[in-house]
Amino acid sequence: MTAFIIRRLLQAVLVMLVVALIAFLMFRYVGDPINQMVGIETSPAEREALRVRLGLRDPIMVQFARFVLNAAQFNFGISYQFKQPVSDMILSRLPATLELSIVSALFALLVGIPMGVYTGIRRNAWMSKLFLTVSLVGISLPPFLIGILLIFIFAVNLQWLPSFGRGSVVDLGFWSTGLLTVSGLKALILPAITLGLFQLTLIMRLVRAEMLEVLRTDYIKFARARGLTERAVNFGHALKNTLIPVITVTGLQLGSIIAFAIITETVFQWPGMGLLFLQSVQNVDIPIMAAYLMLIAFLFVVINLVVDILYTVVDPRVRLDGGAAV
């Protein structure tokens with residue numbers, strides 16, 4: 001296990017270096033940072049002096065090494081648009097995005113897995129057909145349209161829930177959360193459903209397909225022949241053996257939820273990293289774009305490492321032989 005984790009960590013470092021190279025190329029070749037930092041009245045001599053002071057005249061490898069070292073210390077410079085440290089801006093908006101993403105993922109898991117199990121066990125029931133019909137809607141409609149429909153129904157017509165913002169938040173010093181206030185919880189419902197609905201339908205259909213396949217296997221027939229109850233067969237044997245693909249998809253989808261929360265945060269004006277990234281794209285704010293790219297890549301790498309480790313916990317058939325999965 002230790003050798004396996006070390007090898008995965010080395011692979012993660014390699015991936016992060018590649019992503020760092022892409023982010024560095026954004027700094028280097030997308031626009032001119034000097035033009036973003038100074039006005040038109042700045043003389044050519046002052047511009048050149050600023051380039052030298054920022055190290056833009058150093059060799060490319062020196063600049064890349066400096067960028068990697070700064071990124072490892074979570075230092076991405078100053079925002080061109082907001083004139084603030086990018087790391088401070090990211091940290092201030094990170095709680096909003098993580099809370100929205102985690103709640104959306106929990107919603108997708110806690111609803112999607114039971115629905116998938118039910119439609120797999122009772123595939124001819126009318127409720128199973130209803131669940132499958134609803135899942136088609138969740139897959140077919142884009143998130144921004146789902147968000148607009150939810151706003152129209154629950155915010156405009158019924159006026160039960162707010163249509164934008166995060167509500168009241170509680171500052172815990174290192175974290176600002178809306179989960180401890182009523183308005184914060186109400187503001188979280190619509191964007192969490194919007195963001196998690198596609199993942200819910202994906203997980204439900206995946207669990208259903210895996211359950212249908214596992215229930216036809218010989219060891220399930222032997223389990224029934226031994227006199228085990230249907231509950232023990234369905235949940236103790238069948239469901240457990242469907243969790244490997246579910247863990248894989250769920251892990252990747254959690255990273256996707258964080259990475260692609262941009263649309264949902266824009267529709268609901270949720271003050272998270274996605275909305276900040278969209279604003280940075282509109283204003284060609286390269287430091288924020290590079291920081292967002294690096295952070296999302298880091299989250300994906302960590303999630304994939306956790307998923308690989310969970311394989312050996314969930315399915316005893318997955319073994320590590322000399323540090324390699326077989």
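**View 1. Surroundings of F82 in the predicted model.** In this predicted model, F82 touches M89, L276, Q279, D285 and I288, when residues up to four places away in sequence are not counted. F82 has its place in the loop between α4 (60-72) and α5 (86-121), and at 28% relative accessibility F82 counts as partly exposed. The C-alpha atoms of F82 and S280 are 9.7 Å apart in space, although the two residues are 198 residues apart in sequence.

**View 2. F74, a residue with positive phi in the loop between α4 and α5.** The loop between α4 and α5 also holds F74, whose phi is positive, at about 60 degrees, although F74 is not a glycine. With a relative accessible area of 27%, F74 is partly exposed.

**View 3. The salt bridge between E99 and R166.** The side chains of E99 and R166 meet in a salt bridge, with a distance of 3.2 Å from N to O. Because E99 lies in helix α5 and R166 in the loop between α7 and β1 (170-171), the pair ties together parts that are 67 residues apart in sequence. E99 is buried, and R166 is buried as well. By the rule applied here, the count for the model comes to 1 salt bridge. Side chains of opposite charge can pair when their charged atoms come close.

**View 4. E265, a buried acidic residue without a salt bridge.** E265 is found in helix α12, and this residue is buried yet has no salt bridge. The nearest side chain of opposite charge, that of R93, is 6.5 Å away from E265, so the pair falls outside the criterion that a side-chain nitrogen of Lys or Arg be within 4 Å of a carboxyl oxygen of Asp or Glu. Leaving aside neighbours within four places in sequence, E265 is in contact with T97, L100, W270, G272, M273, G274 and L275.

**View 5. T264 in helix α12 and its contacts.** T264 has its place in helix α12, which spans residues 262-267, and at 2% relative accessibility T264 counts as buried. Once the neighbours of T264 within four places in sequence are left aside, its contacts are P191, T194 and L195.

**View 6. Q269 in the loop between α12 and α13.** Q269 lies in the loop between α12 and α13 (273-282), and the residue has a positive phi of about 50 degrees although it is not a glycine. At 42% relative accessibility, Q269 counts as partly exposed. W270, one of the residues in contact with E265, can be viewed together with this loop.

**View 7. I203 in helix α8 and its contacts.** The place of I203 is in helix α8, which runs over residues 182-214, and at 4% relative accessibility I203 counts as buried. I203 touches A108, L109, G112, I113 and T250, not counting residues up to four places away in sequence. For one of these partners, A108, the C-alpha to C-alpha distance to I203 is 7.3 Å, while the two residues are 95 residues apart in sequence.

**View 8. A nonpolar surface patch with residues from helix α7.** F144, L145, I148, L149 and I263 make a nonpolar surface patch of about 420 Å². The largest share of this patch, 4 residues, comes from helix α7 (residues 143-157). F144 is found in helix α7, and with a relative accessible area of 42% F144 is partly exposed.

**View 9. The whole protein chain, as context for the close-ups.** The secondary structure of the protein chain comes to 14 helices and 4 strands, and its C-alpha atoms fill a box of roughly 85 × 60 × 35 Å along the principal axes. Of the 326 residues in the chain, 41% are buried, and the chain exposes about 17500 Å², of which carbon and sulfur atoms supply 69%. Among contacts between residues at least 6 apart in sequence, 70% join residues at least 24 apart. The chain has 25 positive and 17 negative side chains, with the centres of the two sets lying 11 Å apart.

Terms used: Residues numbered from 1 in each chain as written. Predicted model: local features only at pLDDT ≥ 70, side-chain atom pairs only at ≥ 80, totals over all residues. Heavy atoms only, no water. Helix = DSSP H or I, 4+ residues; strand = E, 2+ residues; numbered from the N terminus. Buried < 20%, exposed > 50% of the residue type's maximum accessible area, 1.4 Å probe, protein only. Contact = heavy atoms within 4.5 Å. Areas by Shrake-Rupley, 256 points an atom, 1.4 Å probe, with all protein chains shown as cover. Lys, Arg positive; Asp, Glu negative; His and termini not counted. Charge placed at Lys NZ, Arg CZ, Asp CG, Glu CD. Patch = residues over 30% accessible without salt bridge, like charges linked within 9 Å, V, L, I, M, F, W, Y side chains within 5 Å.
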